[in-house]
Amino acid sequence: MTQQQLRRQLLDARASVSNAARDYAALQVGEHLLQLPELQQPCQIGSYFSVKAELPTHAINQRLMAQAHQLSLPILHPFRAGHLLFMQLNQTTQWTHNRFGIPEPELDVRHVTPLNQLNVLLVPLVGFDALGNRMGMGGGFYDRTLSAWRQGKINVLPIGLAMDCQYVDTLPVQPWDVPLSMVITPSKVWDFRG
Ligand SMILES: Nc1nc2c(c(=O)[nH]1)N(C=O)[C@@H](CNc1ccc(C(=O)N[C@@H](CCC(=O)O)C(=O)O)cc1)CN2
Ligand SMILES: Nc1ncnc2c1ncn2[C@@H]1O[C@H](COP(=O)(O)OP(=O)(O)OP(=O)(O)O)[C@@H](O)[C@H]1O
């Protein structure tokens, strides 16, 4: 199977989950997430605005903010193609849509969160495997975001959020792919750290 066929298959599996089951999955993932030792003190958390059949993050994001965590969401970098910027949310955040139709905060340099200030990064994914390898939407955005972390330049805890149907035993790995530290699904907290 080609990478493209595998992505299609995983996207189809994700899309076949009912909305109710998806919301329940998010509730369970949120429970696991909030219980992590790393989140027992206020953190800077990079999250995402879920779209389509992704593990829904709206309720999770609300709960994180209610627990005094600071949330930042990704926006497509205005001139570094393929890169993300993280914008810290506040009461006055203005919203727009990026070219993929994904809601994102408007660029405001006063609220950019440098990557090295994020303690935790919640990562959307299409599929993941037993080693923490991740397949995304194919833009390479999170691989570029995480390359500084892989090189030891920054310290962040990347956590994939997923439904159980997004698991496969083995994903093909490309040189630029950066394995996640953890993946949280409704049934399991996967910890891939040493
Ligand atoms: N919620 C969310 N935000 C995110 C990501 C993500 O995966 N999820 N990204 C993670 O990198 C970045 C955006 N990356 C993307 C890369 C490609 C496509 C894309 O090709 N979309 C197709 C539809 C594909 C399909 O549904 O089959 C399209 O819009 O035509 C979308 C987003 C940043 N923000
Ligand atoms: N660190 C990097 N530097 C340069 N190019 C990169 C880097 N990481 C990924 N790419 C490029 O991005 C493209 C897409 O990569 P890949 O298919 O692994 O994306 P993905 O992880 O599925 O997507 P996303 O992270 O956006 O959800 C590849 O063609 C690759 O050349």
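Helices, of at least four residues, and strands, of at least two, are taken as DSSP runs and numbered from the N terminus, and these numbers are used in the legends below for this predicted model.

**View 1. Tyrosine 142 in helix 4.** Tyrosine 142 lies in helix 4, which spans residues 141-150. Because 23 other C-beta atoms lie within 10 Å of its own, and 20 or more are needed, tyrosine 142 counts as buried. When the neighbours within four places in sequence are left aside, tyrosine 142 is in contact with Val123 and Gly136.

**View 2. Glycine 139 in the loop before helix 4.** Glycine 139 is found in the loop that runs between strand 8 (134-135) and helix 4 (141-150). Glycine 139 has 13 C-beta neighbours inside 10 Å and so counts as partly exposed. In the unreviewed UniProt entry, the annotation "binding site" covers Gly139 together with residues including Arg134, Gly136, Phe141 and Tyr142.

**View 3. The surroundings of ligand 1.** The shell around ligand 1 is made up of 17 residues, and the closest of them are Phe100, Pro124, Met137, Gly139 and Phe141. Sorted by character, the residues of this shell divide into 12 nonpolar, 4 polar and 1 charged. Among the closest residues, Met137, Gly139 and Phe141 also appear in the UniProt annotation "binding site", which comes from an unreviewed entry.

**View 4. Glutamate 54 in the loop between strand 1 and helix 3.** Glutamate 54 is found in the loop that joins strand 1 (44-46) to helix 3 (58-66). Glutamate 54 counts as buried, because 21 other C-beta atoms lie within 10 Å. UniProt, again in an unreviewed entry, lists Glu54 for "binding site".

Terms used: Residues are numbered from 1 along each chain as its sequence is written. Chains are lettered from A and ligands numbered from 1 in the order in which they are written. This is a predicted model: local features need pLDDT of at least 70, side-chain atom pairs count only at pLDDT 80 or more; totals for chains, interfaces and linings use all residues. A residue is near a molecule or strand if its C-beta atom, placed from the backbone, lies within 6 Å of it. Ala, Val, Leu, Ile, Met, Phe, Trp, Tyr, Cys and Pro count as nonpolar, Asp, Glu, Lys and Arg as charged, and the others, Gly among them, as polar. UniProt positions are given in the numbering used here, feature names are shortened, and annotations may be inferred rather than shown by experiment. A residue is buried if 20 or more other C-beta atoms lie within 10 Å of its own, exposed if 12 or fewer, and partly exposed in between; C-beta atoms are placed from the backbone. Two residues are in contact if their C-beta atoms, placed from the backbone, lie within 7 Å.
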